[in-house]
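Below are some notes for a colleague who has the coordinates open and would like a guided reading of them. They are arranged as numbered points.

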Amino acid sequence: MPQRRQPVEQGERDGASFLVMEYLEGETLARRLERGRLELDEALKIAIAIADALDKAHRRGVVHRDLKPSNVMLTASGPKLLDFGL
């Protein structure tokens, strides 16, 4: 299922707030595109997954603000959106 990168922990230490995000294995779409064009079926699967994730975010009132290939991580479980700029 396409999603966004998930927070793991948040808190404060020594007066500084922190947010720990899940570790993702894979590569960004930007890195993948450096190796060459995607096949049409692969490009469509990625695009549909991204559109689905954005639809879910928009239904919750969240706008991405910086959608670009370097903010899409291709993982074994599908694309995940990174850096919503929140």
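1. In what follows, a residue counts as buried under 20% relative accessible area, as exposed over 50%, and as partly exposed in between. By that scale K68, at 37% relative accessibility, is partly exposed, and D66, at 30%, falls into the partly exposed class as well. These two residues form a salt bridge, with the closest N and O atoms 3.4 Å apart. Please keep in mind throughout that the model is predicted.

2. As for the overall layout, the protein chain comes to 2 helices and 6 strands, and from the N terminus on its elements follow the order β-β-β-β-α-α-β-β. Of its 86 residues, 28% count as buried, while the accessible surface comes to about 6,400 Å², with 51% of that area belonging to carbon and sulfur atoms. Among contacts between residues at least 6 apart in sequence, 47% join residues at least 24 apart.

3. How many salt bridges does a search of the whole structure find? The search returns 6, and one of particular interest for the helices is the pair E42 and R32, whose side chains meet with an N to O distance of 3.8 Å. Because E42 lies in helix α2 (residues 40-59) and R32 in helix α1 (residues 29-34), the pair ties together parts that are 10 residues apart in sequence. The two partners differ in exposure class: E42 is partly exposed at 30% relative accessibility, whereas R32 is buried, with a relative accessible area of 12%.

4. A further salt bridge joins R59 to D55, where the closest N and O atoms are 2.9 Å apart. Both residues belong to helix α2, and since they are 4 residues apart there, about one helical turn separates them. R59 is exposed, with a relative accessible area of 68%, whereas D55 is partly exposed at 33%.

5. Turning to the interior, which residues make up the largest nonpolar core? It has 9 residues, namely L29, L38, I46, I50, A53, L54, V72, L74 and L81. Helix α2 and strand β5 (72-75) each supply at least two of them, and α2 gives the most, with 4 residues. As general background, nonpolar side chains in soluble globular proteins tend to be buried together.

6. Two of the core residues lead on to the strands at the end of the element order. V72 stands opposite L81 in β6, and both of these residues are listed in the largest nonpolar core. Strands β5 and β6 (residues 78-81) run antiparallel and are joined by 4 bridges, with a hairpin of 2 residues connecting one to the other. L74, also a member of that core, touches E25, G26, E27, T28, L29, R32, I46 and P79 when residues up to four places away in sequence are not counted. Its contacts thus include R32, the buried partner of E42 in the salt bridge of point 3.

7. One backbone detail may deserve a look when the coordinates are inspected. D14 has a phi near 50°, a positive value in a residue other than glycine. Where is D14 found? D14 sits in the loop between β2 (7-13) and β3 (16-21), and the residue is exposed, with a relative accessible area of 77%.

Technical notes. Residues numbered from 1 in each chain as written. Predicted model: local features only at pLDDT ≥ 70, side-chain atom pairs only at ≥ 80, totals over all residues. Heavy atoms only, no water. Salt bridge = Lys/Arg side-chain N within 4 Å of Asp/Glu carboxyl O. Buried < 20%, exposed > 50% of the residue type's maximum accessible area, 1.4 Å probe, protein only. Core = buried A, V, L, I, M, F, W, Y, C linked by side-chain atoms within 4.5 Å. Contact = heavy atoms within 4.5 Å. Pairing = 2+ DSSP bridges. Areas by Shrake-Rupley, 256 points an atom, 1.4 Å probe, with all protein chains shown as cover.
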